[in-house]
Amino acid sequence: MNCMFCRSITLLSCAMMLFSCDRRSESGGLIILQTGCLHGNLYPVSLSHAVPRQSYQYISAYVNSVRAEAAKTGAVVVLIDSGNSLSGSFASELLDSANVITFFNKVGYDAIILGNQDIQLPMKSLSEVQAPILNPFRWELPNYSPTVRTNSIVLKKGRLEIRLFAVFCPDQSSTWPLTPAGIPPGVEAAGLPVIDQTGQTGHTLNVCVALNADFFRRPELVNTLAQTGAEILSGEAAGTRRDANIPRDPSHPNVVVSQNFCSERGEDFVARIDLRQTLKGWRAERQQLVRMGGEVVHADNGVVEELLPLGQRLARLNRLVVTLSQPVGHDAIRELVGRALNRIEPGAGWILPKEDQGAIWGAGPLYLSEVFDVIPWDDQVVVLTGLRPDFAELSQYYWIRPPGGTNALITLRSIAVRLSRNQGPNGANARIKNAGTKVYEAVAALLGQF
């Protein structure tokens, strides 16, 4: 009798523990972590001289700490990158983004969204990303697999089903005053998807990530995107605002709106949203931007070691260009770039982004990566003919040498697209000049003569 009683007590205790665990898993909530705009700035530690910004080891450590925290409360963690992280640095340019892909795979991202700066990557690189990829653009290249043409996916986390989709929101940016988008030729922003509400359960969450969307400046986007069926709207743009909280839209009281400014010059953030499901829908208990650095969390040495094998390869490519006897300032750098462009297309005018007008190369060793960092050279060089933009207006934003009698401009493809879209064809034509020729290599050759 005592044996049967003890067995009953044991069974009852086990049942209560299982019930308690199940309740905890249901009530633990959801934590969404979002990075973005890393621009390929992940370097092996052996290239400390080529590191404009290094925060990936802190991102990895922070994600690990949140996952450990969630394991204690039963919360579900979803980690996504909202685009323009795969390309943009010297390292990602020469490694075909293997540095960023290695990071994504090591940390274990749940989904990667392609930004308008990422969609030029070859399919071979994208196929190495282990996480599902969202592409909010229509892309016509034949080597692009259908698996990266979708703009929505379903993530399953235990009993929770997260329907994630992404949209690209063109705007009139002050940096690019001549165009509404900045999308390369052959690419169109996909239309807004409407979530299929059939077959959804009480454990379904619909999340919309709006790339290039600033809800603070464009509140009408909230109403537009809410009509897709999303319960979470996450805006993504680079900027200086530090807060992520936006008041609830009275017309959409059940929609959680978050503005995630993921990156500023010289620093990176992880955007965090803690959510809990209630009878009235999902509610955000915390929305914050966490600046990545040693004051927040200790660096994750594991992810640093994961990138080490790329170090020797990148070090060979990042050769010493010249040892400068004195500093080279912004104006001198601009002239060097102009001379390099003249080598590629003699006699043409040129137009380039001003970027950081305080740029300077200090006296001492100058490496190829530092030449690359002056202007985003991960873009093809294009020659425009038959196009006459308003140079007076452009001079506010760009370095310009107006064309002479040749009536041709040499520039980067991204700028050529913006100029052409704003002005219409008008008989203008664009051609890739010396495909494979890199402007930073031409600048380096000139510097070698110092």
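Are Phe90 and Tyr440 buried or exposed? In this predicted model, both residues turn out to be buried. They also pair up through their rings, in one of the eight aromatic pairs that the structure holds. A pair of aromatic rings is described by the distance of the centres and the angle of the planes. For Phe90 and Tyr440 those come out at 6.3 Å and 75 degrees, which puts the pair in the edge-to-face class. Phe90 sits in helix H3 (residues 90-94) and Tyr440 in helix H13 (residues 439-447), so the contact ties together parts that are 350 residues apart in sequence.

Helix H13 deserves a closer look. Seven of its nine residues are buried, so the helix counts as mostly covered, given that buried means under 20% relative accessible area. Besides Tyr440, the buried set takes in Val439, Ala442, Val443, Ala444, Leu446 and Leu447. What do these buried residues pack against? Helix H3 is on the list, together with helices H9 (330-344) and H10 (368-372). Three strands join in as well: E15 (320-324), E17 (364-367) and E18 (381-385).

Zooming out, the protein chain has 13 helices and 21 strands. Of its 450 residues, 51% are buried. Contacts with a separation of 6 or more are mostly long-range affairs, with 76% of them linking residues 24 or more positions apart. The chain exposes about 20,400 Å², and carbon and sulfur atoms supply 53% of that area.

On to the nonpolar interior. The largest nonpolar core has 104 residues, and Leu30, Phe103 and Trp361 are the ones with the most contacts inside it. Helix H2 (residues 56-73) gives this core its largest share, eight residues. A second core, separate from that one, has 15 residues, among them Cys208, Ala213, Phe215 and Val222.

Phe103 is worth following a bit further. Leaving aside residues up to four places away in sequence, Phe103 touches Leu38, Leu42, Tyr56, Ile59, Ser60, Tyr109 and Val303. Two of these names, Tyr56 and Tyr109, come back in an aromatic cluster. That cluster is made up of Tyr56, Phe103, Phe104 and Tyr109.

As for the cysteines, how many disulfides does a search of the whole structure find? The count is zero. Cys208 counts as buried because its relative accessibility is 0%, and Cys37 counts as buried too, at 4%.

The next stop is a set of charged side chains in strand E13 (residues 267-278), where Asp274 lies and where Arg272 is found as well. Why does Arg272 count as buried? Its relative accessibility is 3%, and the cut-off for buried is under 20%. Asp274 is buried too, with a relative accessible area of 12%. The two side chains meet in a polar contact of 2.7 Å. Arg272 has another polar partner in Glu69, with 2.8 Å between the side chains.

The surroundings of this pair can be read off the contacts, again not counting residues up to four places away in sequence. Arg272 touches Ile31, Ile32, Leu33, Tyr62, Val66, Glu69, Arg286, Gln287 and Gln288. The C-alpha atoms of Arg272 and Gln288 are separated by 5.4 Å, although the two residues are 16 apart along the chain. Asp274, for its part, touches Leu30, Ile31, Arg283, Ala284, Glu285 and Arg286. Leu30 is the residue already met among those with the most contacts inside the largest core.

Finally, a couple of backbone oddities. His39 has a phi near 55 degrees, a positive value in a residue other than glycine. Where is His39 found? The residue belongs to the loop between strand E1 (30-35) and H2, and it counts as partly exposed at 23% relative accessibility. Asp96 also has a positive phi, near 50 degrees, and is likewise a residue other than glycine. Asp96 is found in the loop between H3 and helix H4 (98-107). With a relative accessible area of 42%, Asp96 is partly exposed.

Technical notes. Residues numbered from 1 in each chain as written. Predicted model: local features only at pLDDT ≥ 70, side-chain atom pairs only at ≥ 80, totals over all residues. Heavy atoms only, no water. Disulfide = S-S within 2.5 Å. Buried < 20%, exposed > 50% of the residue type's maximum accessible area, 1.4 Å probe, protein only. Helix = DSSP H or I, 4+ residues; strand = E, 2+ residues; numbered from the N terminus. Contact = heavy atoms within 4.5 Å. Areas by Shrake-Rupley, 256 points an atom, 1.4 Å probe, with all protein chains shown as cover. Phe/Tyr/Trp six-rings, centres within 6.5 Å; stacked < 30°, edge-to-face > 60°. Core = buried A, V, L, I, M, F, W, Y, C linked by side-chain atoms within 4.5 Å. Polar contact = N/O pair within 3.5 Å; in protein donor to acceptor, adjacent residues only side chain to side chain.
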